[in-house]
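Please find below a colleague's note on the ligand site and the annotated domain. The points are numbered for ease of reply.

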Amino acid sequence: MDFKGKTVIVTGAGKGIGREIVRMLAERGAQVVALTRSAADVEALRGESGCRAIQVDLADADATREAAIAALPADLLVNCAGTTELQPFLETTVEAFDRLVAVNTRAPMIVAQEYARSLIKQGRKGAIVNVSSVASFVGLADHAAYCASKGGLDGLTRVMARELAPHGIRANGIHPTVTLTPMAVKAWSDPEKAAGMMKRIPVGRFAEPADIAEVVLFLLSDEAAMVNGISMPVDGGYMIA
Ligand code: NDP
């Protein structure tokens, strides 16, 4: 897959899966506009060739819209930023719920709105990939707000796929299983919990960021021209186990 001449917005580009998507896109010729939060990551991304970085806290709706507009024009969009906080359902706080929905659900909507408006105005085609999770399909203990926020993102993906496709913009979701990134360390550091999850993954391992990035690039590419509105697990078979 060749992305020469394409500009791609990637949110959550500072670490983990987003960082790997940036690396892979740049390697395949894309110009990347990275949206992320930590100053150190923004600096590091600015040092990489073919990469422009914008610092933003995606929990802030106005700042998110401003950053999305500053990132334009772009050919393709990956909404990868995500966050989690572990709380049992009965102890899930309104504050944590709102924080997760703001970053995991509302921010992808805002960035996609600005991206799509700009493309429609120019009469150009595009593609969006929203990074969801297997957590939107199942009820993971201690992940109530996270599961809800990713389920909401899936709903948005499907509506985007329906409303934007007539303008030549596809939208798809991918659903990784546990992927070895800083977020996974936060959510899966309990060995007993990790072993229970691993047992349910027929390929017998957790994912690496590159496993996820390859699928994201495929869904962005013209090779996926007829793929629209899907929720694609990238889970080593977790969903059939
Ligand atoms: P990481 O925590 O490793 O990286 C997340 C990136 O998103 C960081 O660069 C982080 O920046 C950025 N980010 C988080 N919150 C904000 C915010 N408020 N504003 C701006 N940037 C923000 O996560 P992963 O790479 O593991 O996850 C990437 C995506 O994949 C997420 O959507 C996640 O839900 C999803 N996913 C991950 C799985 C896993 O096991 N890792 C499994 C299934 C789905 P900073 O560090 O500066 O806050």
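**Note on the ligand site**

1. The largest contribution to the shell around the ligand comes from α6, which supplies 3 residues. The model under discussion is predicted, and the remarks that follow should be read accordingly.

2. The ligand occupies the largest pocket. Three elements each give two or more residues to its shell, namely α1 (16–27), α5 (144–164) and α6 (182–188).

3. There are 29 residues around the ligand, and those that come nearest are Lys15, Arg37, Ser38, Tyr146 and Thr181. By class, the shell divides into 14 nonpolar, 11 polar and 4 charged residues.

4. Thr181 also merits attention for its side chain, in which an N or O atom is 2.4 Å from an oxygen atom of the ligand. Two further residues approach ligand oxygen through the backbone: for Cys80, a backbone N or O atom lies 2.8 Å from an oxygen atom of the ligand, and for Ala81 the corresponding distance is 3.5 Å.

5. How much of the ligand does the protein bury? Taken alone, the ligand exposes 880 Å², and 94% of that is buried by the protein.

6. Turning to annotation, an unreviewed UniProt entry places the feature "domain: Ketoreductase" at residues 6–177. In the model, this stretch is 47% helix and 20% strand, with its end C-alpha atoms 29 Å apart.

Note on methods
Residues numbered from 1 in each chain as written. Predicted model: local features only at pLDDT ≥ 70, side-chain atom pairs only at ≥ 80, totals over all residues. Heavy atoms only, no water. Near = heavy atom within 4 Å. Polar contact = N/O pair within 3.5 Å; in protein donor to acceptor, adjacent residues only side chain to side chain. Areas by Shrake-Rupley, 256 points an atom, 1.4 Å probe, with all protein chains shown as cover. 1 Å grid on protein atoms, 1.4 Å probe; cavity = no way out; pocket = protein on both sides within 12 Å on 5 of 7 lines; lining within 4 Å. Sits in = over half its atoms within 2 Å of the grid points. Helix = DSSP H or I, 4+ residues; strand = E, 2+ residues; numbered from the N terminus. Nonpolar A, V, L, I, M, F, W, Y, C, P; charged D, E, K, R; others polar. UniProt positions renumbered as here; feature names shortened; annotations may be inferred.
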